[in-house]
Amino acid sequence: MWIEGRLVENNQTVRLQVNGATIGNIEAVNLDTSVWIAPGWIDIQVNGYGGYDVNAPGVTPESIIALTRLLWQRGVTAFCPTVITASEEAICHSLEAIALACERDQRVAHAIPCIHVEGPAISREDGPRGAHPRSHVRAPDIAEYRRWQVAAKGRIGLVTLAPEYPQAREYIQALNAENVVVAIGHTAASSEQIQEAVNAGARLATHLGNGAHAQLKRHPNYIWEQLAEDRLLASFICDGHHLAPAVMKAMLRAKGIGSSILISDAVAVAGLAPGLYETPVGGKVELLANGRLNLYGTPLLAGSVSSLPECLANVLRYTDTTLSEGVRMVSTHPGQLLQLDAREKRGSVVSGSAADLTLFRFDAATGDIIIETTLVQGEVVYQRLA
Ligand SMILES: [Zn+2]
């Protein structure tokens, strides 16, 4: 199979050969095309989409498979299903469903390079705790983590925690030793505690600027500390609601494009029509026409309902990021964090790399991004109808 379009990375129009699951020859050709070719997009934080909820008590392998297929329609070739703070039993139930989905469907296994566990070792305080249930917040426990990995068949590759627990250093070191990425998030940590966590091996700041107190000492504080720490990459929810445009622009400049990753952090009602929804974890929520999700009857955010195309379009609107820089933040950088670049040659479009590709158009008039075609392992898994 041959694919035609313009490479995001260098603006070159090409014909690109797909050989099985790998990219073959790439030939420069003269083309009049508005289709961009990018490495497959990787979303390291997805709680749900299109009504499918990773954290619902009724989650099944079938719903994880359906969720994966819906995300392909949004140009997402790989994602980390994100299991949040809950009882150990509930966490393990979600992990088992994801692991079973991967065992049943090889392409889904490829699309789920690892599972993200966000919590339950997060701050108990209102603000940093976000929408996670306080009753299930608890200290990091290596023995519990090992039981999660048994339920997940070893598929957990990313864990977000608040490092202010006394057990955090040992926990971070233990996870690091197993090649699991540790992220800081939902935290009220002091600067010293953040430094200690980074020294112990924490590598990412999860949705920096969110999961934070509504009122915060202006400086120093945990946001500045993580922003300034060059050993920490940062993920950002650029849905237009979680971070105001000026905040997104300033944070991206401070952290640097090369250390930044865009995530959707989407919840189950993402992709559904505006209206009222009853969610198993978040209670009653209202999805507004402008893409904001509120706890019903309040102005409080109840999660993100964007997916990566909207986040990428927003970052281009709010900042001076170029298209190729923006695409790197949804493909190359998350691929590097999860070591998919070296192991599986994902996150780049060169001869010999994985044929996981996201083809899209950029509408200059509206600033929107329209997904045209998604390829996973060389197979067309989504094609927009003309
Ligand atoms: Zn979160």
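In this predicted model, H186 lies in the loop that runs between strand β11 (181-184) and helix α6 (191-200). The residue has a relative accessibility of 6% and therefore counts as buried, the limit for that term being under 20%. When neighbours within four places in sequence are left aside, the contacts of H186 include E118, H132 and H207, together with I122, S123, P128, R129, G130, A162 and G211.

E118, by contrast, is placed in a strand, β9, which covers residues 115-118. With a relative accessibility of 2%, E118 also counts as buried. Its contacts, again without the neighbours within four places in sequence, take in H186 and H207 as well as Q45, T82, V83, I84, T85, H132, T160 and T206.

These two residues meet at a metal: the zinc ion is coordinated by OE of E118 and by NE2 of both H186 and H207, at 2.1 Å. Along the chain, the donor residues follow the spacing E-x67-H-x20-H. The pair formed by E118 in strand β9 and H186 in the loop between β11 and α6 thus links distant parts of the chain, 68 residues apart.

The record agrees in naming these positions, since an unreviewed UniProt entry places the feature "binding site" at E118, H186 and H207. Although these residues are spread over 90 residues of sequence, they cluster in space, with a largest C-alpha distance of 11.1 Å. From this set, H186 and H207 belong to the lining of the largest cavity.

Note on methods: Residues numbered from 1 in each chain as written. Predicted model: local features only at pLDDT ≥ 70, side-chain atom pairs only at ≥ 80, totals over all residues. Heavy atoms only, no water. UniProt positions renumbered as here; feature names shortened; annotations may be inferred. 1 Å grid on protein atoms, 1.4 Å probe; cavity = no way out; pocket = protein on both sides within 12 Å on 5 of 7 lines; lining within 4 Å. Helix = DSSP H or I, 4+ residues; strand = E, 2+ residues; numbered from the N terminus. Buried < 20%, exposed > 50% of the residue type's maximum accessible area, 1.4 Å probe, protein only. Contact = heavy atoms within 4.5 Å. Donors = N, O, S within 2.8 Å, 3.2 Å for Na, K, Ca; no water.
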